[in-house]
Each structure stands twice: as C-alpha cells, then as structure tokens.
Amino acid sequence: MGLTILDDNGQRSHLFLVNAISLAQTSGLLDPQVVINNSVELEERRRCFWSIAIMENMFNLQTLTLGAKSITYHASFKPVSPNATSKGELVSPSSQNIVADGPVPGIIINTLPMFDIFKKAAKYVTDTKNGVLPHPPWQQQSDYAAIQAELLELESNFYPEYRFDRTKMTQHSKDAIEQNWAFWSCWLVNQFMYHTIHMLLNHPFLISLRIAAAGRCPRTFSQSSSDQVVVHSNWIIRLLDLLEEKEVNISDPFVAYCISVANTVFIHYRNAEIQSLRQNAEKGLFKGRQELGELSCLLKNVERMVSITL
C-alpha cells in the first residue's frame, strides 16, 4: 500500500486500506474480547493495529472506521518502543531515557494521538469545502474550537523529552541523525504534522469561507487566527532549514503535503499590505517551492502539489 501511495494511485491505496481493515475485523484484531497471552504475538497485533489506524487517519476515512471500542481497547497497550540500549532505539538521543517517574515513553507512543487529531483537521477542511458550517469557528461548540482544545491538551501532555528544544537536533551531527533515523524520522513527522494541523485550522482561505458563512467575525479572532497561521507556516520553513543545515535528505510524501499547505499560506500573504509579511511570504514560498521541486524528482505524487502552488 505504501508503494501505491508513493506512485500516486489513490484509488488502489484506498482499496488496499479497506481490505486491511476488513481483514483486521475478520481476524479478531479489532475485537476487545480476544485475549492474547503470547507476548510476541500481542506485540505484533499492536503494531499491526496502529499501522492500520495511522493509515486510516491519514486517508481521512469518515465512512469506514476501526471503531471507538477498538481504539479504546488497543490504547491501553500501545506498541512498546525499544529500550535505549536496544538496536534501532526510538527514544530521544538527547536523554538518558530515565526520569523520576521511570523510563521515557518511546516517540511512537507520543506520536499516535497526533494522527487522530490530523484526521479531524482534515475533516474540518472537507466540511468547509462542502459548506458544512454549523457553527462559526470562534464559538465554543464549533469543530474548530474542539480540535484546537484537543490539540492544546495533547501539547500540554506531550512528553518533554520530545519537544523541539529538548531533543536538540541542532547539536547532532549528520552521521548521528542518520544512524538514529528511526527516531528522527518519526520525530520530524510529528513536528511537521503539529504545525500543519494549526495551519489547516487557521488557513486564511478556509477562515474566510467560515467568516462569510457566519456573516460576521470578532476582530480578535481574525487577528489571532492570522498570527497563528503565520507562526506555524514559518515553523515549516524553520524545519526545512534545519534539515538543510544538517544535510539530511527526506523523501516523505506527507512532509511534502505539509510544505504544500505552507506554500498556499505564503501565496496568500505575499499580497499582504504589511511589507514584512510580504517579504517573509516571498522568502517562504521560494523555499517551499524549491523543496517540493526536489521531492517531485523522487515522488510522483508530489508533482501535483508543485502545480497547485505555482
């Protein structure tokens, strides 16, 4: 399925994912009543379940779901990340993997909830496009407010060892990063996804549609939304600059998607009245287009992203 996605065959990828979910259901993988005593088999089932769950969230499937009961059931025993001394460690290389409360949880466990929020943000985009706008985004009962609250709650509980300033990627050499790429690749996806969720929620194109539907908008909300999307689009460029500084090449179509979202934000702000915003947008757009151009040479499905942001 992964190769199909890279080859830009969305229909076939969707078919494979539907089949995977169907097999998971018939095999009892989603049944909370199934008891597995073998630790090796249990670990395999955990990883299989969460791999399917991640793909479902990234595909933004709304009509076919793994089910709330299955998610709750498997959430009680998420995949076990290797210890710091094991091969292919997935703990922060900047920590000793030990804190006052015990071992530091692996980056995989810390990243899984972000995929669920990303799915909700993707639905927010789809609903806006389709005119499903029951509440203005500044109202407490809106989907915007609900996703923002969930994202902030996740951020407040995110393990400190995996925050940008604590991992200290800037202090690691290219060789060290590549040797521990299993950790850094997952960490980078988490970083890109976090900022992209904020950009999707506050994207000026989407916010303008919601404001138009409401017929009014508090100025404080409009300013706050604008500030957030500028900050988080700039973070995408900051991460790209960091990768360039470390001479680390990436070939992830999801990162390409995050860059394309940032590019559409820059396209909007390069027409801003404030000169500093225009200059920042032009600089960010140039960088983003450059990165997408390089990725399109490796990934066929990125070519469409390049054409959208021209």
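# Asking why: rings, helices and buried residues

Guide: In this predicted model, ring pairs join Tyr 159, Tyr 162, Phe 164, Phe 183, Trp 184, Trp 187 and Trp 235 into a cluster. The structure holds twelve aromatic pairs.

Visitor: Why is the pair of Tyr 159 and Tyr 162 called tilted?

Guide: The ring centres of Tyr 159 and Tyr 162 are 6.5 Å apart and their planes stand at 55°. Planes under 30 degrees apart count as stacked and those over 60 as edge-to-face, so with 55° this pair is tilted. Both Tyr 159 and Tyr 162 are buried.

Visitor: What makes the pair of Phe 164 and Trp 187 stacked?

Guide: The centres of these two rings, Phe 164 and Trp 187, lie 6.0 Å apart, and their planes meet at 25°; because stacking requires planes under 30 degrees apart, the pair is stacked. The pair also links distant parts of the chain, since Phe 164 sits in helix H7 (residues 164–167) and Trp 187 in helix H9 (residues 181–201), 23 residues apart.

Visitor: How do you know whether Trp 187 is buried or exposed?

Guide: Trp 187 has a relative accessible area of 0%, and buried means under 20%, so Trp 187 is buried.

Visitor: Where is Thr 196, and why is Thr 196 called buried?

Guide: Thr 196 is placed in helix H9. With a relative accessible area of 0%, Thr 196 falls under the 20% cut-off and is therefore buried. Leaving aside residues up to four places away in sequence, Thr 196 touches Ile 236, Tyr 257, Cys 258 and Val 261.

Visitor: Why do Cys 258 and Cys 217 carry the labels they do, one buried and the other partly exposed?

Guide: Cys 258 has 0% relative accessibility, which is under 20%, so Cys 258 counts as buried. Cys 217 has 27%, a value between the 20% and 50% limits, and therefore Cys 217 counts as partly exposed.

Visitor: How many disulfides are there?

Guide: A disulfide is a covalent bond between the sulfur atoms of two cysteines. In this structure the count comes to zero disulfides, because a pair of cysteine sulfur atoms would have to lie within 2.5 Å to be counted.

Visitor: What makes the buried residues of H6 line one face of the helix?

Guide: Helix H6 (residues 143–157) has 15 residues and reaches 21 Å from its first C-alpha to its last, close to the 21 Å expected. Its buried residues are Tyr 144, Ile 147, Gln 148, Leu 151 and Leu 154. Seen down the axis of H6, these buried residues fall within an arc of 130°, so they line one face. An α-helix has 3.6 residues a turn, so residues three or four places apart point the same way. The cover over the buried residues of H6 includes helix H5 (107–129), H9, helix H10 (204–214) and helix H11 (219–245).

Visitor: How do you know that the span of helix H13 agrees with what is expected?

Guide: Helix H13 (residues 275–296) has 22 residues, which at 1.5 Å a residue should span 32 Å; the end C-alpha atoms of H13 are 31 Å apart, so the two values agree. Among the buried residues of H13 are Ala 281, Gly 284, Leu 285 and Leu 292, and the buried residues of H13 pack against H11, helix H12 (253–269) and helix H14 (302–308).

Visitor: What does the chain contain as a whole?

Guide: The secondary structure of the protein chain comes to 14 helices and two strands, and 46% of its 310 residues count as buried.

Methods:
Residues numbered from 1 in each chain as written. Predicted model: local features only at pLDDT ≥ 70, side-chain atom pairs only at ≥ 80, totals over all residues. Heavy atoms only, no water. Buried < 20%, exposed > 50% of the residue type's maximum accessible area, 1.4 Å probe, protein only. Helix = DSSP H or I, 4+ residues; strand = E, 2+ residues; numbered from the N terminus. Expected span 1.5 Å × (residues − 1). Arc of directions from axis to C-beta. Contact = heavy atoms within 4.5 Å.
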